Structure formats: C-alpha cells, structure tokens
Amino acid sequence: MTRRSLRRRLASTTAATAAALGLVMTLAACGGGSIAATGSTTSAPSATVAGTGTDLSAVTLRVGETGWKQQELLLQSAGLADTPYRTEFSLFQGGNLQLEALGADAIDLASASEIPPIFAAQSGGPGSLTISAVRQGNTLTQEVVVPEGSTIASVEQLKGRKVAYVQNTTAHYFLYQSVAAAGLQWSDIEAVPLSTSDGLAALLSGQVDALASYGNAVITAHAKGATTLVDARDILSGNFLYVTRPATNADPATKAAILDFYDRLEKGFAWARSHPDDWAAVIARETKQPVEQARQVFVDGEQQRPSHFVPTSAQAIASQRKIVDTFVQAGILTATVDIGQYWTTEYDQGLQAIQAASDAG
C-alpha cells in the first residue's frame with residue numbers, strides 16, 4: 001500500500017477518531033499551510049498590568065494551543081482569566097501547525113517542543129521568529145505504541161514495519177533516537193508521517209504496525225488496548241518553547257501582555273498542583289478519559305518535572321542544538337540551522353521576576 005492510498009483510507013476513519021480524542025479541529029488554508037482555527041475570545045475587565053501602569057486595553061493577544069485548550073482552561077479554572085487585555089485562543093493538532101500560523105501572522109504566541117521551531121527557522125530564515133521563554137514540563141505520554149494483540153515486542157522488531165509518526169515534532173525525534181538505539185537505520189522502518197488523529201486512526205485500524213505520538217493520541221491508544229514499546233522520558237529534555245515574532249516583541253504593550261500571560265500560567269500550574277482533583281476533572285472532560293486516570297497522569301507528570309517558566313539559557317539553547325545536529329546527521333535536515341540566533345533575551349528580566357515570585361511561594 002502506498003502512503004497516498006493509506007491517507008485516502010484514513011480519510012474515512014479520521015473523523016470518528018478525532019471525536020474520540022476530543023479534538024475540535026477545523027483546518028483552514030492559510031499562507032500555504034494548514035492551520036487549525038477553532039478559537040475563543042475573552043474581553044478585558046481592567047486595562048493595566050498590576051505594578052506597571054501599562055495600558056493594555058488595545059491589545060488582543062492571540063495564543064496557540066495544541067491538542068486541547070489547556071492554557072485557556074487553566075486560567076479560567078484558577079480564577080486568573082481576568083486579563084487586562086483581550087485573549088484569543090486557537091487550537092491546533094501540533095506545535096508545527098502553530099508555527100505555521102505564527103509565520104502567517106495568524107497568532108502572536110506559539111508554544112511547542114524544541115523541534116517545530118527548528119524547521120520553522122529553517123523555512124522562514126533569520127527574523128522570522130524568536131524563542132522568548134522556556135516552560136519546563138514532563139516528558140511522559142510521549143511513546144511508541146503498538147496495537148492490542150501485536151506480536152512486536154521490541155524496537156528491533158520494527159524493521160520492515162510501517163510506523164506512523166508526527167513529522168517535525170518530538171515524535172519524529174524520539175522515534176529516530178529509539179530506532180538508532182536499537183541498532184537500526186531510519187530506512188530500516190517504513191516511516192509514515194501522519195497527523196496525531198490520522199496516526200491514531202491508522203494504528204487502531206491496523207493500517208500501520210506502530211505509532212510514535214504524544215498526549216491525547218497515546219492516552220486514547222492505551223484506552224483501546226495499545227501497549228508501550230518504548231517511551232521518551234529519558235530522550236526528551238522537557239523544554240517547551242514559547243515563540244513570538246520580532247514585530248511582536250517590538251510592541252511594548254503586546255510584550256507586556258505576553259509577560260503577564262506567562263506569569264498567570266505559572267500561577268495557574270501552581271493552582272493545579274494544589275487542586276489536582278479539580279484540574280483532573282477539567283482534563284478528563286476535555287480529553288475524554290476517566291477522571292482518576294487524568295489525575296494520575298497529571299500527578300505523575302508534575303512529580304517527574306513540575307511545570308515552571310524559566311528564562312532562556314545557554315543550556316536550553318545547547319539542548320536544541322543537539323537536536324539540530326542529530327537531524328542533520330540523519331539527513332532529516334539538509335543543512336544545519338544556527339538555532340541560537342533565533343533566541344531572544346528580551347523577556348528574561350520579566351521571567352526572572354516570575355521565577356523568583358514562584359520560588360518564594
């Protein structure tokens with residue numbers, strides 16, 4: 001079966017699978033790429049950021065989200081949604097699509113793992129994007145899974161098998177690393193790039209032998225009897241990057257709104273850690289899983305690596321450079337990218353204040 005015919009067969013099953021995932025995706029053409037465009041808007045009850053006097057009444061901060069509206073619902077649940085600026089949240093299937101939307105000026109703030117900004121930087125070139133902050137997070141629910149009843153018991157047994165993965169994301173990276181660690185070449189597997197929902201549909205319908213994915217797709221696969229072949233907890237850094245455009249950084253009011261947004265998210269995660277039952281109920285509703293399971297996944301993740309915003313750092317840049325080098329060596333990137341030049345320290349002073357306040361409790 002060719003990849004094109006596989007995608008055609010998947011078209012009939014993707015819609016049902018997406019519903020199972022709880023993903024509300026609307027694809028719309030934008031600047032040559034496909035971006036999700038479901039959104040919601042909140043109005044600003046007050047007009048200034050506390051302590052700064054900056055008038056943000058004219059700002060509308062357009063924020064990208066992946067999978068489900070975690071950030072929007074976190075602020076609402078923690079009582080932190082009364083921003084002194086308007087917010088618009090748009091939902092995407094992956095960080096790579098958020099970066100496409102950012103490049104098309106459809107959003108102001110994207111968040112992704114370390115991988116999508118690399119490909120966006122190579123595509124857009126210097127001046128197209130800036131990495132402005134790091135949110136440390138856990139690396140759980142990032143796995144290669146096989147369907148119920150599969151006889152595949154090791155990564156070595158993926159040789160000659162169809163493996164779906166989400167291209168240009170963490171799934172792409174940890175699948176490559178897992179295959180290499182097993183002594184295989186990338187060409188030893190039949191790698192099939194698919195979206196999260198298409199990949200899950202392919203796995204559950206038996207059209208691929210394994211799936212490298214993350215988040216809701218992995219959770220849903222397990223609920224359907226899939227088992228873990230290998231996970232990425234010791235492969236990935238847990239650095240999730242927030243990405244803006246230089247033009248956004250040059251606007252003082254929008255820049256102040258972004259820092260305020262980081263501060264609210266930091267407080268939101270603190271609230272979630274102290275109210276795991278309340279937050280698990282939200283997660284369970286949005287991801288269509290049992291509340292107890294959602295609670296356990298959240299608690300395990302925060303125990304592995306608590307969610308915190310931190311300033312940019314040489315270590316974070318080095319971590320991303322390591323991925324660039326790996327992709328160049330593998331031929332996935334045809335030329336290297338000086339990813340360090342895409343990082344900005346413009347938000348570091350504010351992030352240091354957020355970090356200090358969080359540490360002080």
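1. A good place to start in this predicted model is arginine 62, which forms a salt bridge with aspartate 108; their closest N and O atoms are 2.7 Å apart. The two residues belong to distant parts of the chain: arginine 62 is in strand E4, while aspartate 108 is in the loop between H3 and E6, 46 residues apart. Aspartate 108 is buried, as its relative accessible area is 8%.

2. Arginine 62 has another partner to look at. Its side chain also meets that of aspartate 105 in a salt bridge, at 2.9 Å from N to O. Arginine 62 lies in strand E4 and aspartate 105 in the loop between helix H3 (95–103) and E6, so this pair ties together parts that are 43 residues apart in sequence. Aspartate 105 is partly exposed, with a relative accessible area of 36%.

3. Where does the chain of contacts go from aspartate 105? The side chain of aspartate 105 meets that of arginine 245 in a salt bridge of 2.6 Å, N to O. This pair again links distant parts of the chain, with aspartate 105 in the loop between H3 and E6 and arginine 245 in the loop between E13 and helix H8 (246–249), 140 residues apart. Arginine 245 counts as buried, at 17% relative accessibility. Through shared partners, salt bridges join Arg62, Asp105, Asp108 and Arg245 into one network. The structure holds 14 salt bridges.

4. Strand E4, the home of arginine 62, is worth following further. Strand E4 (residues 60–66) runs parallel to strand E5 (residues 86–92), and seven bridges join them. One example is glutamate 65, whose bridge partner in E5 is leucine 91. Between these strands the chain passes through helix H2 (residues 70–77), making a right-handed β-α-β crossover.

5. Now turn to an open sheet of four strands, ordered E6-E13-E7-E14 with antiparallel pairing. Which strands are at the edges? Strand E6 (110–112) and strand E14 (308–310) are, each pairing on one side only. From one strand to the next, the twist averages 30 degrees. Within this sheet, six bridges join strand E7 (residues 130–136) to strand E13 (residues 239–244), and these two run antiparallel. Threonine 130 has threonine 244 as its bridge partner in E13.

6. Aromatic rings are the next thing to look for: the structure holds eleven aromatic pairs. Among them, tyrosine 173 and phenylalanine 327 pair edge-to-face, with 5.7 Å from centre to centre and 80 degrees between the planes. Tyrosine 173 lies in helix H5 (residues 170–181) and phenylalanine 327 in helix H12 (residues 314–330), so the contact ties together parts that are 154 residues apart in sequence. Are these rings buried or exposed? Tyrosine 173 is buried, at 3% relative accessible area, and phenylalanine 327 is buried too, at 0%.

7. Another edge-to-face pair is formed by tyrosine 262 and tyrosine 347, at 6.3 Å centre to centre and 65 degrees between the planes. It links distant parts of the chain: tyrosine 262 is in helix H9 (residues 252–274) and tyrosine 347 in the loop between H12 and helix H13 (348–360), 85 residues apart. Both tyrosine 262 and tyrosine 347 are buried.

8. Tyrosine 347 has further company. Ring pairs link it with Tyr242, Tyr262 and Phe309 into a cluster. In addition, the charged end of lysine 255 sits over the ring of tyrosine 347, 5.6 Å from the ring centre.

Definitions and conventions: Residues are numbered from 1 along each chain as its sequence is written. This is a predicted model: local features need pLDDT of at least 70, side-chain atom pairs count only at pLDDT 80 or more; totals for chains, interfaces and linings use all residues. Side-chain values use heavy atoms; hydrogens and water are left out. Two strands pair if DSSP finds at least two bridges between them. Axes are lines fitted to C-alpha atoms, for helices over the stretch in contact, and angles run from 0 to 180 degrees between N-to-C directions. A crossover is right-handed if, with the strands pointing away from the viewer, the path from the first strand over the helix to the second runs clockwise. Rings of Phe, Tyr and Trp (its six-membered ring) pair if their centres lie within 6.5 Å; planes under 30 degrees apart count as stacked, over 60 as edge-to-face and the rest as tilted. Buried means under 20% relative accessible area, exposed over 50%, partly exposed in between (1.4 Å probe, protein chains only). A charge sits over a ring if NZ of Lys or CZ of Arg is within 6 Å of the ring centre and within 35 degrees of the ring normal. A salt bridge is a side-chain nitrogen of Lys or Arg within 4 Å of a carboxyl oxygen of Asp or Glu.
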